[in-house]
Amino acid sequence: MAEDVLCPFCGCLCDDIKVEVENDQIVGVKRACKLGSSKIRGHERTKAPMVRKDEELVETSYEEAYDRAAKILKDAKRPLLYGWCSTVCETHKKGILLAEEVGGVIDSTATVCHGPSIIGIEEKGLAGSTLGQIKNRADLIVFWGANPAEAHPRHTLRYSSNSTGMFTPDGRKGRKVIVVDVRETRTAKNADKFLLIKPGTDYEVISALRMIVAGKGEIVPEKVAGVAKSDLEEAAEMMKAARFGAILFGLGMTHSRGRYKNVDNALSLVADLNGFTKFVVMAMRGHYNVAGFGQVCAWETGFPMSVDFSRGAPYFNPGETAACDLLAKREADAMMVVAADPVSNFPRATVEGMAEIPVIQIDPFPNPTTLLADVVIPSAVCGVEAEGTAYRMDGLSLRMKKVVDSPYPTDEAIIQNILDRVRRLGDDN
Amino acid sequence: MRKIVIVPRREFRVPVEAERISPDVFAPLAIEEIGKIEVWEGNRKTALSDLFEVSGDDVPAKPEETLISLSGDFSKVKRVGENMTRGRIAAEGDLGMHAGNGMSGGEIEIEGRAGDWLGREMRGGKITVLGEAGDYVGAGYRGESCGMRGGEILIEGSAGDYLGEHLCGGTITVLGNAGDFPGIANRGGVITIGGNAHLPGAEMASGTITIKGRAKVLPSYQYLETVEIDGLSLKKFFGDLVDNGKGELYAASVEDGGA
Amino acid sequence: MIIKGGFVCDPKNGILGEEMDICIECGKIVEKSVGGDVIDARGMLVLPGGVDAHAHIAGAKVNSGRIMRPEDGRRGIEPRTKLLRPSTGYTVPNCYAMGYRYARLGYTTAFEAATPILESRHTHEELEEIPIVDKGALTLFGNNWEVLECVRDGDLEKLAAFVAWGLRASRGYGVKVVNPGGGEAWGFGGNVKGIDDPVPNFGVTPREIIRYLMRANEILGLPHSVHLHTNNLGKPGNYETTLETLKAVEDITASRDRQVLHVTHMQFSAYGGTGWRDFESKAPEIAEYFNHHDQFTMDMGQLIFGSATTMTADAPLEYGNARLLHAKWSNHDIELEESSGVVPLVYGRKMPINAIQWAIGLELALLTKNPWQVIMTTDHPNGGPFVNYPEVVTLLMSRVKREEELKSLHELASKRSSLPSIEREMDWNDIAIVTRAAPARILGLSEKGHLGVGADGDVTIFDINPADVDPSKDHRKVKEALAKARYTIKAGEVVVRDGDITAVPQGRTYWVDASVPEDQAEKVRADLVEKFAKYYSIQMSNYMVQDAYVTHPRVVKAGVI
């Protein structure tokens, strides 16, 4: 039995999982949610490296796969190294070095989830805390465009609305929950106050709340984005009356009209609220280590994502250097996908951009991206078969454990092998 | 006026960064020397003449007497006219991102479409676009508190989102529509939009934004009165009051926010 | 290796500018060289490698600064080379730039000033990526619930055991205390107003927290003293709090041959006035106190005009800054332990407050008679980035330079400080003390800051001949020479030649392993088991920094057994 194992699924990064192991096989998983449990138990794996020959993926050796991958990256004028959300920080470091070495662009899956949140933070800063601070102190939780009941199943019990702590001994009973969303989600059904807003109106609603919080409510129209002013006033009053409030926002805020400006405005709302009481704000990050990529990339390059190394120095400008930009504008001429599945998650025009160029995939599992890949390199599952560092959604770093051995190399080792070959190709030139 | 003509030798897939295409750089150089100027195609450093045919008057002239004519598809050529102070650049077709980055003088004329970040952090001079313009016209770099500080941008077509983000001076005129958030965080610039716009002037501290078409106005703007300007009846608003802003926002008609 | 004929300042060993040879073998200073490189240092200044005892160079808040400031990242960009990774940033450089820039300035050791235990894994991840320099991190204790409870219960032995545990858990080097009690109060948006203002929900005062932690520090005989960021820091009139704090601990004695308390970035704690309108320097009062109390030390926290990124565990201070300046604001509370904030700002020469702040840092250094008591810092990047150290050195060495600067500042810098009347100019030995010998001594790093036999082979050679150059007049030459070391030698390896990086070794990380009686350790363990079960959001077994994060450790032993 392995104790206190970290879950390699969502940004909650639960670290209390019990994994039963017999004969180096996982036979039981306790405490994890269904999503986490199924990830830890594992499912169909890519059995061996594959390369595309005459339109077909055929099994090959790791050596040949590394060679092919290195050649593709080395030949490219604008290679894109993308993904990184479901692997450990040790892989990120190697990946960034590889991107430097091949003069590529490196970007994470944040580009299709909380990238806008990061751009919002660049405008205003982020008033946040660790999740335990919310657990111990928050008496008001606002879920905005977030539905933890479906996406982060253990969040409410471990960290937020239903958790208990030093100053929150009564858990959910001692707390108020406000939900803002465009539909009545399961999370919304359990709220004390639900604001149903029209899609794409987050910015206006936040501006109206800021006005009311600041005592300038008389200027706000009687209805904002389908919400009665009296409802907004009630929500604003709940926020100001809280002893410690937290706004936890999801893709509903970042991926509706207004994008990063919605986040920007929400960060300002939280800053304003701190003039009255204590408030923090946090993005409900999706994959278990997408936050880690942002941290590693920031300390290595100065920037948290979308870094272009084509001229040897980091250049950061999402909108220009993000993965979707490169693919939709047909700029990238090769792509390496590590621990992600862009074909399932990208907009169609972007996937079409992938279809035109050589694609290398490094992943333990086959997924729709495999169908487009020219080189497929199977790897060990981080947090189950390989250890390493991951950052929880609140920026807290933890060490993931290895609970069983794996016949597959780690992501880090794979990238190191490709890097070695890229360097050799460079020496030959 | 000395004229130098640049024509791409082929279609580019990978973008070309050519911040040295500028009258200030070209002025003292003969054509052959201009051809040796460093440009980047993706991660490959190369010479201008490897990617472009360069022709025209061979005799050096002052920058203000230098005209660079871009003929052909420049939609993937970035940073043309960066930091230029004098002279002219004329693109017959489209021009890629970051044209006129940080320019402080001279003129850029684009007959086709302009890419994103046109006139980013511009300080002076004039940019005219006959076609459409992308997002972030006259904006700043990520995280900066100031975008364009001076000069003039005229877009005859429509412009994308975040037009004039963090504008700290200068004027931007769009004859067509603007996208979302024109003039966001405006600090003293003047924006005029011939058509419609969505949520203009969010967090505007000062400056003037005029929407001659229809606008969705934020609930944090205070309606003052209807005024008559250049024969047009405009509703005058004051804001953005979320940040105690003192900007003026005019709109011909207002989309109902409450419905 | 032998460094021949340089003008050597090694004040710890009483060498005050003598022409002599320095020999290094196996990374250490030795009597005699057995061969290897010969560096001709004739006509050059030879100093021990620089030691930065207080800078914010690694960890969550530094990275928050990077993430919220791409506009800073775009400054100072240098592309990669065959040897070097790319550099970015000015106030919040990437990890590589930090190591390269320290080395170019002749610095070979730098300590991160504040790491919360819970987030120390992150701090070490970044320290590991900073090349060349040796490093360490000071661990935050001043708002930790276990600390507050030990203080409340009057259990000094248990507190000492917890401090030892916290240092081990964080792989930390010393006890950092920031706005004691205020960080906990900030958990509900409050603060403490002075050293006798009780911390909400815990019923202890900052005075008690500071005293207890200092006593615990001395029970454990830690190499460094408590490192204190005072209450009310950054506020007009706070010099009274600062003096009150010092008076409150005058009776505590050090267990080792060093100060009993280090008050950090004193510039921010030496303010007079009842508000910003009558804001003035009280540096003379602070310096006068230090002149009569040699058990205390401080660092300058010198302000540098231009862009800065303030970052501190003093979160309420940062909220105040952000609202006052209408600036970007990041805050980060750490459950059960701390809070912190990050706010970018620009210090202006014509801004009266900033001009006075600038003068205060210099007054403190120049009016405190004993240079071993005041070390040079800019509290990077709070007062400004460390790359400006050469500028600070010239200000300390040249009254002419100070007068030139004062002319370009708001007139209140002259009227509300005593700087214009200060004649003192430091000499090279003073500089060697405030940038090398004293920070090493204050941190308790016996192998650093000097060139005696057995010291680390960390040496800086500057292309400046003290026989020819009068720093008082030729301050431009001094600044130029100091900005680019002719040679920086780290553990016997040339890492900089003519201002260029020539080698990128991995430095070591200092941390303190302090032993405590098993019964006390057991009491702490029992408390922690309960805290993790009820309050922390992670499991206790996942808390401590694992060895994988400190690949080149230098473990310093201390403790009561």
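Which residue of β16(C) stands opposite A:S129? Keep that in mind as we walk through this model, which is a predicted one. The residue to look for is C:D333, which stands opposite A:S129. Now zoom out a little: strand β8 of chain A covers residues 127–129, and three bridges join this strand to β16(C). The two strands run parallel.

That pairing links chain A to chain C, so let's look at where these chains touch. On the chain C side, 46 residues are in contact with 52 residues of chain A. Which elements of chain C give two or more residues to this side? They are the helices α1 (60–68), α2 (70–73) and α4 (120–129), along with the strand β16 (330–333). As for the kinds of residue, the side of chain C that touches chain A holds 18 nonpolar, 16 polar and twelve charged ones.

Next, stay inside chain A and find two helices, α9 (residues 202–213) and α10 (residues 229–241). They pack with their axes 9 Å apart, at an angle of about 60°. Because of that angle, α9(A) counts as oblique to α10(A). The crossing of this pair is right-handed.

Who meets whom here? From α9(A) come A:A208, A:L209, A:I212 and A:V213. On the α10(A) side they meet A:L232, A:E233, A:A235, A:A236, A:M239 and A:K240. Sorted by class, this contact between the helices has eight nonpolar residues, two charged ones and no polar ones.

Key. Residues are numbered from 1 along each chain as its sequence is written. Chains are lettered from A and ligands numbered from 1 in the order in which they are written. This is a predicted model: local features need pLDDT of at least 70, side-chain atom pairs count only at pLDDT 80 or more; totals for chains, interfaces and linings use all residues. Axes are lines fitted to C-alpha atoms, for helices over the stretch in contact, and angles run from 0 to 180 degrees between N-to-C directions. Helices (H or I, at least four residues) and strands (E, at least two) are DSSP runs, numbered from the N terminus. Angles under 35 degrees count as roughly parallel, over 145 as roughly antiparallel, 65 to 115 as roughly perpendicular and the rest as oblique. A crossing is left-handed if the near helix is turned anticlockwise from the far one by less than a right angle, and right-handed if clockwise. Two residues are in contact if their C-beta atoms, placed from the backbone, lie within 7 Å. Ala, Val, Leu, Ile, Met, Phe, Trp, Tyr, Cys and Pro count as nonpolar, Asp, Glu, Lys and Arg as charged, and the others, Gly among them, as polar. Two strands pair if DSSP finds at least two bridges between them.
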